[in-house]
Amino acid sequence: MKQVVQNYKSGELAVLDVPVPGCKPGGVLVRSVFSLISTGTELMKVSEAGMSMLGKARSRPDQVAKVMQSVATNGLPATYRKVMGKLDSYTPLGYSLCGVVEQVGAGIDDVKVGDLVACAGNEHALHAELNWVPRNLYTPVPDGLAPRHAAFGTVGSIALQGVRQGEPQLGEVALVIGLGLIGQLVVQLLAAAGVRVVGADPDPARCELAERLGAVACGDPSSAAVETAVAELTGGHGVDQVYLAAGGGSNQPVELAARLSRDRGRVVDIGKCRLDLPWNAYYEKELDVRFSRSYGPGRYDPEYELEGRDYPIGYVRWTERRNLACFLDLMARGRVDVAPLISHIADFDDAVETYQRLKDGELKAVAVLFRYPDASGEGTAQAPAVAVPAVRRDGPAPVLARPAGTPVRLAFVGAGNYATSMLLPHLEQRDGVVLSTVVTTTALSAANAQRKFGFARATTDLDAVLGDPSIDAVFVVTRHSSHADLTRKALLAGKTVFVEKPLALTEDELAGVLRAVEESGNDRLQVGFNRRFAPLLREARDRFGARTGPASLRYLVNAGRLQHGSWYLQQGTEGSRFVGEGGHFIDTASWLLDADPVSVYAVAPAGNEDLQVVLRYPDGSTATLSYVTTGASGFPKETLDLVADGKVLKLDDFVRAAVYDGRPRRWVSSRLPKARDKGQSAELAAFIKAVRTGGPMPVPLESLVATTAATLAVQACLAGGAPVTLARAR
């Protein structure tokens with residue numbers, strides 16, 4: 001099997017072939033599905049390994065003291081050989097993972113082969129394909145919790161134990177200093193416990209993320225923003241608890257904790273930061289300083305961890321295993337959300353490169369996961385796939401040349417509410433456009449559209465439109481179930497096609513459209529994904545600029561409930577509501593991230609249509625789409641945040657946008673609600689230009705296909721309960 005190791009003397013990182021561990025009594029052999037890189041603890045260890053011997057000594061004075069004691073006891077030569085031998089050995093990395101039980105040791109009766117478990121321990125939950133894990137360092141994963149999220153169990157237990165040490169109570173106010181991985185989890189746990197949280201971190205992206213995850217306010221610890229927020233929330237008394245989740249050599253966190261704590265407040269040290277306590281400040285307030293020891297009671301006790309001797313629950317309520325199970329339960333019930341923390345998912349074989357990118361600062365991340373091959377659950381090899389069909393253009397291409405000065409003649413198939421309210425008003429007065437024919441299934445609706453928008457002709461005969469050589473482009477604006485078939489027919493007839501979303505409701509329908517492209521050579525197709533054309537969003541993206549690292553995108557769609565009787569509810573014929581309109585939001589995310597997704601994971605709570613969708617992109621970027629129908633009607637329908645490279649883009653329902661890039665004055669643009677522009681006009685202008693000139697379509701067909709496949713993958717994921725890989729056909 002393969003395992004990630006490091007030589008502490010040379011700093012070398014490697015993925016080695018090592019023997020498979022035996023399955024000893026009192027534990028289980030676990031095949032890893034995902035393991036989590038601790039971007040704090042592990043990177044500190046990796047960085048230390050790259051230092052000179054003097055640098056190593058300065059960073060670990062505790063170890064230097066042990067060496068000096070050994071010299072006094074055993075002499076210099078023996079101590080030197082011992083130290084060099086230990087330094088010049090491979091040591092493991094990792095301590096938090098999720099995997100599948102492959103073998104059960106004697107005495108184990110709480111799990112069986114094939115069960116999904118979360119595992120802990122820097123000797124047992126390593127970055128390795130297989131690990132032997134003793135009884136008290138694993139716990140079963142609740143049904144419905146994704147393996148990639150369960151891999152956070154150990155780190156979550158560290159945060160949970162720190163919160164328990166602070167003894168928070170409903171209504172209190174807490175300050176979390178350091179908003180890395182542990183700090184972000186502490187924020188969520190405190191918010192779930194009814195505590196109002198203020199966060200402090202110099203990274204504005206981490207502050208913004210913490211506010212999204214439950215913090216009332218966050219800011220740079222050196223600014224006045226944090227002190228102002230604390231004063232407002234506490235009436236000037238100071239916070240009840242401070243959680244030190246920061247690292248580094250600065251004493252600022254300890255000093256800030258004293259300054260912003262109330263009289264007899266509690267200060268809990270979770271991270272590894274400098275602790276030169278300013279005596280007067282701590283004495284005068286009689287501050288209670290507490291330490292949180294890793295995952296909880298049982299840690300560092302060999303009888304508990306290795307021999308499986310549990311502590312009686314009546315005496316020790318929360319052991320490290322119970323903390324692990326508790327954190328998994330909180331995630332499964334939606335009280336803690338780790339999906340927004342995942343900055344990058346790397347294949348296990350790329351472990352060395354991933355560590356190097358993290359160390360060099362090329363990959364900026366809160367949490368990074370390794371994904372393992374050949375594992376059940378959510379592993380790469382076993383993940384179900386939805387095909388993204390290849391676009392082939394083998395047939396004769398349609399003639400695109402148009403006489404100069406002639407108008408673009410359009411036909412509409414369908415004249416329902418969307419066509420008459422969102423498309424035709426932008427086309428009826430446009431120069432160089434002629435509304436030639438409207439086709440509907442009922443004569444009266446065609447006549448109404450003809451009267452209102454000035455179509456030259458109204459009919460119920462689709463074939464007459466498709467066979468009319470004077471018509472340049474056909475708009476398909478019918479019910480969803482007919483989109484793919486009508487699009488296919490129009491392409492085969494040589495027409496340029498604008499089809500309102502969705503392009504297709506099934507993989508077979510999508511494949512049929514692409515067969516029409518291949519047969520005819522006609523790829524002149526646009527799907528009505530208008531949000532990428534919205535002027536406010538385009539300006540915000542330009543202001544945000546190019547990015548160098550992976551991004552985290554959050555998109556909340558407050559869709560609301562449909563009225564009884566809406567045809568959108570006819571899922572048997574028209575597909576699910578998300579399949580019908582979810583492509584809008586996936587396309588917007590992909591356009592902002594300048595890539596097509598490579599995998600999709602979706603979960604839905606029982607009893608409503610709410611969805612949580614996580615899209616993963618080739619560079620490690622992630623987009624989390626919350627599509628909810630149970631929100632308040634007065635809340636904006638669409639809000640979006642894009643975080644990358646120390647910058648944040650915020651969009652508020654196409655009314656306001658802002659870009660934060662670390663400069664004193666952020667860019668903000670606002671539009672009146674009545675001027676809300678979701679891009680239909682600009683989209684239609686781009687489409688008409690492509691028809692008139694014969695130039696490229698506004699969106700590449702490959703992108704339209706990838707978005708449609710990703711939308712269909714959401715339904716496949718919900719049906720199968722596992723992430724879906726988007727497999728590109730060759």
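These are my notebook entries on three places that I looked up in a predicted model.

Entry on helix 14. I began with helix 14, which spans residues 351-360, and looked up which of its residues are buried: A351, T354, Y355, R357 and L358 are. I then checked how these residues are arranged around the axis, and since they cover an arc of only 160°, they lie on the same side of helix 14. Going on along the chain, I noted that G361 follows helix 14 and that the phi of G361 is positive, near 85°.

Entry on A193. I next looked up A193 and found its place in the loop between helix 7 (181-192) and strand 10 (196-200). The relative accessibility of A193 is 32%, and because partly exposed covers the range between 20% and 50%, A193 counts as partly exposed. I also took the separation of the C-alpha atoms of A193 and V163, which comes to 9.6 Å for two residues that are 30 residues apart along the chain.

Entry on helix 20 and helix 22. Lastly I turned to the packing of helix 20 (residues 535-544) with helix 22 (residues 577-593), where the axes are 11 Å apart and the angle is about 30°. Angles under 35 degrees count as roughly parallel, and I therefore recorded helix 20 and helix 22 as roughly parallel to each other. Their crossing I entered as right-handed. For the residues that meet, I listed L537, R538 and R541 from helix 20 and T588, W591 and L592 from helix 22. Sorted by class, this contact of helix 20 with helix 22 has three nonpolar residues, two charged residues and one polar residue.

Key
Residues numbered from 1 in each chain as written. Predicted model: local features only at pLDDT ≥ 70, side-chain atom pairs only at ≥ 80, totals over all residues. Heavy atoms only, no water. Buried < 20%, exposed > 50% of the residue type's maximum accessible area, 1.4 Å probe, protein only. Helix = DSSP H or I, 4+ residues; strand = E, 2+ residues; numbered from the N terminus. Arc of directions from axis to C-beta. Axes fitted to C-alpha atoms, helices over the stretch in contact; angles between N-to-C directions. Parallel < 35°, antiparallel > 145°, perpendicular 65-115°, else oblique. Left-handed = near helix turned anticlockwise from the far one by under 90°. Contact = heavy atoms within 4.5 Å. Nonpolar A, V, L, I, M, F, W, Y, C, P; charged D, E, K, R; others polar.
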